Amino acid sequence: MAEAPLIELQQVSRVYGSGEAMVRALDHVDLTIHTGEFVAIMGPSGSGKSTAMNIIGCLDRPTSGSYLFGGVEAGGLDQDARALLRRHYLGFIFQGFNLLPRTSALENVELPLIYKGVPRAERAARARAALARVGLEGREGHDPSQLSGGQQQRVAIARALAGGPRIILADEPTGNLDTHRSREIMELLAALNRDEGLTIIMVTHEEDMAAYAGRLVEFVDGRIARDTVRAEAG
Amino acid sequence: MLWETFRLALRAIRRNALRSFLTVLGVVIGVAAVIAMVTVGQGSSAQVSSDIESLGTNVLMLRPGRQRMGPPSGDAARPFREADAVALAELPEVAVAAPVANSSQTVVFGNQNHLAAITGSTSDYLTVGSWEILRGRSFTPTEERSGAAVCIIGETVRQMLFGNTDPTGSLIRIRTVSCEVIGLLAAKGAAAFGQDQDDVVIMPLRTLQRRLSGNTDVPLIMLALEDGVSSTAGIRAVETLMRERRRLAPDEDNDFSITDTKQIASMLTGVNSVLTGLLSSVAAVSLLVGGIGIMNIMLVSVTERTREIGIRMAIGAQGRQVLMQFLVEAVVLSVIGGLIGIILGLVLAAVASHFMAIPFSPDPLVVLLAFVFSAVVGVVFGYVPARRAARLDPIEALRRE
């Protein structure tokens, strides 16, 4: 393969605290993810899956080991440089939606574009397009409090998409939704992956949701216990 | 980006309108107090200076009695006589010297009456006091010598007795004296400390002495020095002559006092600026307290919006952008407070100036300084909360409920 993998963790460890209170959240993890993959990460709580997501999402740094992002070492970057990586290449979706309260859907989606320095007119157009992509035309002016949970998560997905990221990182995106809404969200994510070739990495603890992904990575005790690629996602 | 940050700040302030208002109240009061104090202070200084000018420059006032502080002593001071003024006027340093006696009397015209200060003097009094005759004429030497029943009245007295009609030629009654109004003085307005200078009736000294006071005492001599004569030289000449005339031995102290209006002017201006400075610095302290209020609320705001900060950081905001967001918010808050304070302060100063009858002339420099100072308060007291926000760990911030 000529192209470097999008994400490559080499012998990554993450240790919290020191001495007696030392906790090894990640223990020499190797993980490679290529462009266009839809990866589900599962595991019991404390297995290190959230820590892995934080490191992949450039919110945290590995204690040791190497994190290559698009073939470039990203593990040793400082706060500001990692903020730039997040701004330009990453889109986040959270369990609790994390929209700004008392701020319209459109303005929430515009947020990453403001930090990217996109001029105002273009910003609004791109934000509208992103909201349309997730099926929320006509809701641009609504506050999060006026939207259902599923709609709020769609706004969050639009916000993650608006900046034109290379990867969407989803942390339990259906954790606060009922089964019906969860399926809608997962179908939206799967469609983004299938139709637009967007790389998606998702942490979940629900087997049904993980089934939408083409690859399942299971963490146990800070290590990858299983890494299965499915021929056909279902 | 800065414009975006500014809009963001305005929105955050509007979102919590009541709290924002209470937050800036300290700055509002501080700025308003400083502006009002300084403006009123400068106005009253200007008033004092113009009063002194209207008195005429280089005017000396001679009064019987020792010049000293403390309670009056038992030894009665000999009053002056009219001859003293005549002798003083002959000094080469002195331009004119006016003997002055006063009496407070009710003045009656028709069915109107009014209590006025009656001044007995000569036409030189008008020169020394920089009075101008608006209508009619001053006393003739004959009238002064014979103690004729004539008088010149001020604008206030005219208003009380005659309204807007021409008073000259009318007869007014002062106690038993029927007195012809021969002149009307041009209005001067209120003096420092607010007494009305136009509430005055002037008649020849001898008229007042014979018909009203019944003695020949002259309790005050006002004299104007010749142009180019320094106060010091003038005072020395006057002092020498008066000691001679009052036959004081070389080792005796003066039994009269000489006041230079310039001294009064500088003393009043000095007192004024000390007071203004003092009050303004007290007001400035409240600005400081206002700044602490802003810091307090910004710290609360950062804590409340930890999650928002986390979201922004996850989306790609760098620490300095978060810092700017909160710093700009603090500065916008305090500048809004400053602007409200400036308006409020100017209104207060205008109202106070109106009631104190002093000129209202706001100093643009003071307004600018107050504005800049309120912005500085925002930067100084907004920095700590903003830095706290910028240093948050995004993972921790996102986890916060």
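Strands here are DSSP runs of E, at least two residues long, numbered from the N terminus. The model is predicted.

**Stop 1: Asn113(B)**

Select Asn113(B). This residue sits in strand β3 of chain B, which covers residues 112–121. Show its contacts, skipping neighbours within four places in sequence: Thr106(B), Val107(B), Val108(B) and Leu161(B). Now add Asp260(B). Asn113(B) and Asp260(B) are 147 residues apart in sequence, and their C-alpha atoms are 36 Å apart in space.

**Stop 2: the nonpolar cores**

Move to the largest nonpolar core, which has 71 residues. Which residues touch the most other members? Select Ile7(A), Tyr67(A) and Ile201(A). Then colour helix α11 of chain B, residues 319–356: the largest share of this core, 9 residues, comes from that helix. Another core lies apart from it, with 42 residues. Among them are Leu62(B), Ala97(B), Met203(B) and Ile221(B).

Return to Tyr67(A) and list what it touches, not counting residues up to four places away in sequence. The contacts include Ile7(A), Glu8(A) and Leu9(A). Ile55(A), Ile56(A) and Cys58(A) are also touched by Tyr67(A). So are Val72(A), Glu73(A), Ala74(A) and Gly75(A).

**Stop 3: the aromatic cluster**

Stay on Tyr67(A) and add Phe69(A) and Tyr89(A); the three form one aromatic cluster. Over all chains, the count is 5 aromatic pairs. How are the rings of Tyr67(A) and Phe69(A) arranged? Their centres are 6.5 Å apart and their planes meet at 90°, so the pair is edge-to-face. Planes over 60 degrees apart earn that label. Tyr67(A) and Phe69(A) are both buried.

Next, view Phe69(A) with Tyr89(A). This aromatic pair is tilted, at 5.7 Å centre to centre and 40° between the planes. The pair links distant parts of the chain, 20 residues apart. Phe69(A) belongs to strand β4 of chain A (residues 64–69), and Tyr89(A) to helix α2 of chain A (residues 79–89).

Are these two residues buried or partly exposed? Phe69(A) has 7% relative accessibility, so it counts as buried. Tyr89(A) has 33%, so it counts as partly exposed. The cut-off for buried is under 20%.

**Stop 4: a nonpolar surface patch**

Finish on chain B. Select Leu365(B), Leu368(B), Leu369(B), Val372(B), Phe373(B), Val376(B), Val379(B) and Val380(B). Together they make a nonpolar surface patch of about 700 Å². Zoom in on Leu365(B), found in helix α12 of chain B, residues 364–390. Its relative accessible area is 54%, so Leu365(B) is exposed; the cut-off for that term is over 50%.

Terms used:
Residues are numbered from 1 along each chain as its sequence is written. Chains are lettered from A and ligands numbered from 1 in the order in which they are written. This is a predicted model: local features need pLDDT of at least 70, side-chain atom pairs count only at pLDDT 80 or more; totals for chains, interfaces and linings use all residues. Side-chain values use heavy atoms; hydrogens and water are left out. Patches are made of residues with over 30% relative accessible area and no salt bridge: like charges are joined within 9 Å, nonpolar side chains (Val, Leu, Ile, Met, Phe, Trp, Tyr) within 5 Å. Accessible areas come from the Shrake-Rupley method with a 1.4 Å probe; for residues, only the protein chains shown count as cover. A salt bridge is a side-chain nitrogen of Lys or Arg within 4 Å of a carboxyl oxygen of Asp or Glu. Helices (H or I, at least four residues) and strands (E, at least two) are DSSP runs, numbered from the N terminus. Buried means under 20% relative accessible area, exposed over 50%, partly exposed in between (1.4 Å probe, protein chains only). Contact means heavy atoms within 4.5 Å. A nonpolar core is a set of buried Ala, Val, Leu, Ile, Met, Phe, Trp, Tyr and Cys residues joined through side-chain atoms within 4.5 Å. Rings of Phe, Tyr and Trp (its six-membered ring) pair if their centres lie within 6.5 Å; planes under 30 degrees apart count as stacked, over 60 as edge-to-face and the rest as tilted.
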